[in-house]
Amino acid sequence: MTEQYKDPKLKIFSLSSNIPLAEKIAKEVGVELGVVSSTQFSDGEVKINIDESIRGAHVYIIQSTSYPVNDHLMELLIMIDALRRASAKTINVVLPYYGYARQDRKAQSREPITAKLVANMITMAGADRVLALDLHAPQIQGFFDMPVDHLLGSPLLANYFLDNDKLNSDDVVVVSPDHGGVTRARKLAEFIHAPIAIIDKRRPKANVAEVMNIIGDVKGKKCILIDDMIDTAGTITLAAQALQDAGAVEVYACCTHAVLSGPAMDRLENSVIKEVIVTDSINLPEEKMTPKLVQVSVAQLIAEAIKRIHENRSVSPLFQEKFKMLD
């Protein structure tokens, strides 16, 4: 049983996007979730009531800005404003999943950089710190004019594979589904002591991917595809098929953020992927929890980060695999 955390000035609140994860985080930290009610007026406007005193408290808000993204983002901004007006000492925003992160640059003329706009909104609302998990691009940290602690999901995924004898062997290859994910694939490969391969992919338009070529040896291997998120699952299922066609004996997929929108579940169920390992950064409805999907929790990782931030200790030890063994 988790011991009660001794500092009464540390408070954790959950908004509506991922209450089960917030409950796990609070339990790991050793505090009760703060009491807050979030309701909507008949026209859809959000109303927040904080039902306990937070004057002088160091507050951590758990909110994934996942579907419905705009509702959850607006709820977060209103909560930050409420905390600021109620005299919270510090307001720390915990984003297990950061929506709009894929719009992090101008890919063509007259496009917005929405990831920066969202960062501006969180900053202007009054947040003091952001704790994020596996941002789509690490440079998004620079969009915030405040401290950002960026946690990685790969140690958790690595733990799963290291604990699985079938996938902790010499015939495993970690595969990046595109050039942009090579750093992520290399990190997982270092953790599980495996080589990497890269899929050269061309994307003609959004959510449509075309596999072109495989760089690396995958014939006769067990392949682990890794990405930061799986959205419509087009990229990951095409990549898995390409790996099988190139001689891979088994294909697994893993990601931190299981967005799983649109045709994702049908594509995964009908694909050659044997298992899909994801985290609970996004709360999944029961109908998406199929036998092919394996979920590992980020609660212990985020809870440890919250305690270290609150106690002014280093967060960097959490970037290694088996972080759960640390004191």
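What follows is a walk through the cores, aromatic pairs, strands, helices and cysteines of this structure. The model is a predicted one, and residues are counted from 1 along the chain.

The nonpolar interior is a good place to start. The largest nonpolar core holds 36 residues, and Ile-61, Tyr-98 and Ile-122 are the ones that touch the most other members. Quite a few elements feed into this core: strand 3 (46–50), strand 4 (58–62), helix 2 (69–85), strand 5 (90–95), helix 3 (114–125) and strand 6 each give two or more residues. Helix 2 makes the largest contribution, with six residues. Apart from this core lies another one, made of 29 residues, including Val-173, Val-218, Leu-225 and Leu-268.

Tyr-98 deserves a second look. With neighbours within four places in sequence set aside, Tyr-98 is in contact with Thr-65, Ala-115, Val-118, Ala-119, Ile-122, Leu-135, Ile-140 and Phe-144. Its relative accessible area is just 3%, so Tyr-98 counts as buried.

Aromatic pairs come next, and the whole structure has two of them. In one, the ring centres of Tyr-98 and Phe-144 sit 5.9 Å apart with the planes at 55 degrees, so this pair is tilted. Tyr-98 belongs to the loop between strand 5 and helix 3, while Phe-144 belongs to the loop between strand 6 and strand 7, so the pair ties together parts 46 residues apart in sequence. Phe-144 is buried too, at a relative accessible area of 6%. The other pair, Tyr-160 with Phe-161, is edge-to-face, with 5.5 Å from centre to centre and 80 degrees between the planes. Both of these residues, Tyr-160 and Phe-161, are buried.

On to the strands. Strand 6 (residues 129–133) and strand 7 run parallel and are joined by four bridges. Within this pairing, Leu-131 stands opposite Asp-149 of strand 7. Strand 7 (residues 148–151) is covered on both faces: Val-148 and His-150 are buried on one side, and Asp-149 and Leu-151 are buried on the other.

Two helices of twelve residues can be described in some detail. Helix 6 (residues 234–245) should span 16 Å at 1.5 Å a residue, and its end C-alpha atoms lie 17 Å apart, which agrees. Its buried residues include Gly-234, Thr-235, Ile-236 and Thr-237, along with Ala-239, Ala-240, Ala-242 and Leu-243. After helix 6 comes Gly-247, with a positive phi near 110 degrees.

Helix 8 (residues 299–310) reaches 16 Å from its first C-alpha to its last, close to the expected 16 Å. Eleven of its twelve residues are buried, so helix 8 is largely enclosed by the rest of the structure. Charged side chains are no exception here, as Glu-304, Lys-307 and Arg-308 are among the buried residues of helix 8, together with others such as Leu-301 and Ile-306. Just after helix 8, Asn-312 has a positive phi of about 55 degrees.

Finally, the cysteines. A search of the whole structure turns up zero disulfides. For Cys-223, the closest cysteine sulfur is that of Cys-254, and at 12 Å it is too far away for a bond. Cys-255 is in no disulfide either, with the nearest cysteine sulfur, again that of Cys-254, lying 7.4 Å away. Cys-223 is buried, with a relative accessible area of 0%, and Cys-255 counts as buried at 0% relative accessibility.

Note on methods:
This is a predicted model: local features need pLDDT of at least 70, side-chain atom pairs count only at pLDDT 80 or more; totals for chains, interfaces and linings use all residues. Side-chain values use heavy atoms; hydrogens and water are left out. Buried means under 20% relative accessible area, exposed over 50%, partly exposed in between (1.4 Å probe, protein chains only). Two strands pair if DSSP finds at least two bridges between them. The expected span of a helix is 1.5 Å times one less than its number of residues. A disulfide is a pair of cysteine sulfur atoms within 2.5 Å. A nonpolar core is a set of buried Ala, Val, Leu, Ile, Met, Phe, Trp, Tyr and Cys residues joined through side-chain atoms within 4.5 Å. Contact means heavy atoms within 4.5 Å. Rings of Phe, Tyr and Trp (its six-membered ring) pair if their centres lie within 6.5 Å; planes under 30 degrees apart count as stacked, over 60 as edge-to-face and the rest as tilted.
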